[in-house]
Amino acid sequence: MAPGPVQDLVHVLESHGIVCLRRDLIGTRKNALVATSGRRRAVVFIDPRPDREDASWAVAHELGHLVLHETAVTTQEEQSDEFAGEFLAPRAEVTKLIGSGVDAEDLPDRFSMPPPAFAVHARRNSLISQADYRALRKQSVPPWNRTTIPGPRRISDAVQERVNGGETIRDVAASAFLSEDELRRDYL
Ligand SMILES: [Zn+2]
């Protein structure tokens, strides 16, 4: 991986062989979920709706389960949060930004992280003061800064290839058990 903040998390996962799929996860109270078949293939489901920060955090947390745990149990949640924090905002990178004069309140945005999750990670590693921790715990991503996570590319590429080969979007969608609208929304 390139040094510095993770620019396109989903693409990093895809380029390491993890299948990423957009899925409506409404009802699960989660923004991402991981599933494995044996120890070979991992599939990460990503809800298309949450903000980039919340989605990135959820995907990195699920990646933590994938790397650290064979099967998820509740006591492993904190470990996965620790993993996600270090994956998205490595201590050395945070220290570098603080050294260059970046204010604590601007740090979560640099790493596309939800401010409260960043606060816990940074405080756990003694990177910020208790006062900054308390302020960041209450901070949220400003509305004008809200974007969604860059989507999976592999499936979009495959869909595009089939469309270029003469198939209709409707046919491709039907073969994936999706509606045409879902295919367009999530993959094109
Ligand atoms: Zn978890």
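Q: Why does Ser126 count as exposed?
A: Ser126 has 8 C-beta neighbours inside 10 Å. A residue is exposed if 12 or fewer other C-beta atoms lie within 10 Å of its own, buried if 20 or more do, and partly exposed in between, with C-beta atoms placed from the backbone. The count of 8 meets the condition for exposed, and Ser126 is therefore given that class. The model is predicted: local features need pLDDT of at least 70, side-chain atom pairs count only at pLDDT 80 or more, and totals for chains, interfaces and linings use all residues. Residues are numbered from 1 along each chain as its sequence is written.

Q: What is noted about the phi of Ser126, and where does this residue lie?
A: Ser126 is not a glycine, yet its phi is positive, at about 55°. The residue lies in the loop between α6 and α7, just after α6.

Q: Which value of phi does Arg29 take, and where is Arg29 found?
A: The phi of Arg29 is near 55°, a positive value in a residue other than glycine. Arg29 belongs to the loop between β1 (19-22) and β2 (32-37).

Q: Why is Arg29 called exposed?
A: Arg29 has 6 other C-beta atoms within 10 Å. That count satisfies the limit for exposed, so the label applies.

Q: What makes Pro108 a buried residue?
A: Pro108, a residue of helix α5, has 24 other C-beta atoms within 10 Å. This count meets the condition for buried, so Pro108 is assigned to that class.

Q: Which residues is Pro108 in contact with, leaving aside its neighbours within four places in sequence?
A: They are Met113, Pro114, Pro115, Phe118 and Leu136. Two residues are in contact if their C-beta atoms, placed from the backbone, lie within 7 Å. By C-alpha atoms, Pro108 is separated by 43 Å from Glu167, 59 residues apart along the chain.

Q: Is Lys138 buried or exposed, and what makes it so?
A: Lys138 of helix α7 is exposed, because 9 other C-beta atoms lie within 10 Å and the limit is 12 or fewer. Its C-alpha atom is 6.8 Å from that of Pro116, although the two residues are 22 apart in sequence.

Q: What makes the length of helix α2 agree with its number of residues?
A: The expected span of a helix is 1.5 Å times one less than its number of residues. Helices are DSSP runs of H or I with at least four residues, strands are runs of E with at least two, and both are numbered from the N terminus. For the 17 residues of α2 (residues 52-68) the expected span is 24 Å, and the end C-alpha atoms are 24 Å apart, so the values agree. For the 12 residues of α3 the expected span and the distance between end C-alpha atoms are both 16 Å, which also agrees.

Q: Why is α2 described as mostly covered?
A: Of its 17 residues, 13 are buried.

Q: What describes the crossing of α2 and helix α3?
A: Their axes come within 8 Å and cross at roughly 115°; axes are lines fitted to C-alpha atoms over the stretch in contact, and angles between N-to-C directions run from 0 to 180 degrees. The crossing is right-handed, a term used if the near helix is turned clockwise from the far one by less than a right angle, and left-handed if anticlockwise.

Q: Which residues in α2 and α3 meet?
A: Among them are Trp57, Ala60, Leu63 and Leu68 in α2, and Phe83, Ala84, Phe87 and Leu88 in α3. By class, this contact has 9 nonpolar, 6 polar and 1 charged residues. Nonpolar are Ala, Val, Leu, Ile, Met, Phe, Trp, Tyr, Cys and Pro, charged are Asp, Glu, Lys and Arg, and the others, Gly among them, are polar.

Q: Which residues of α3 are buried, and what do they pack against?
A: Ser80, Phe83, Ala84, Gly85, Phe87 and Leu88 are buried in α3. They pack against α2 and α6.

Q: Which residues of helix α6 are buried, and what covers them?
A: Ala117, Phe118, Ala119, His121 and Ala122 are buried. Their cover includes α2, α3, α4 (91-99), α5 (107-110) and α7 (130-138).

Q: How many helices and strands are in the chain?
A: The chain has 10 helices and 3 strands. Buried residues make up 31% of its 188 residues.
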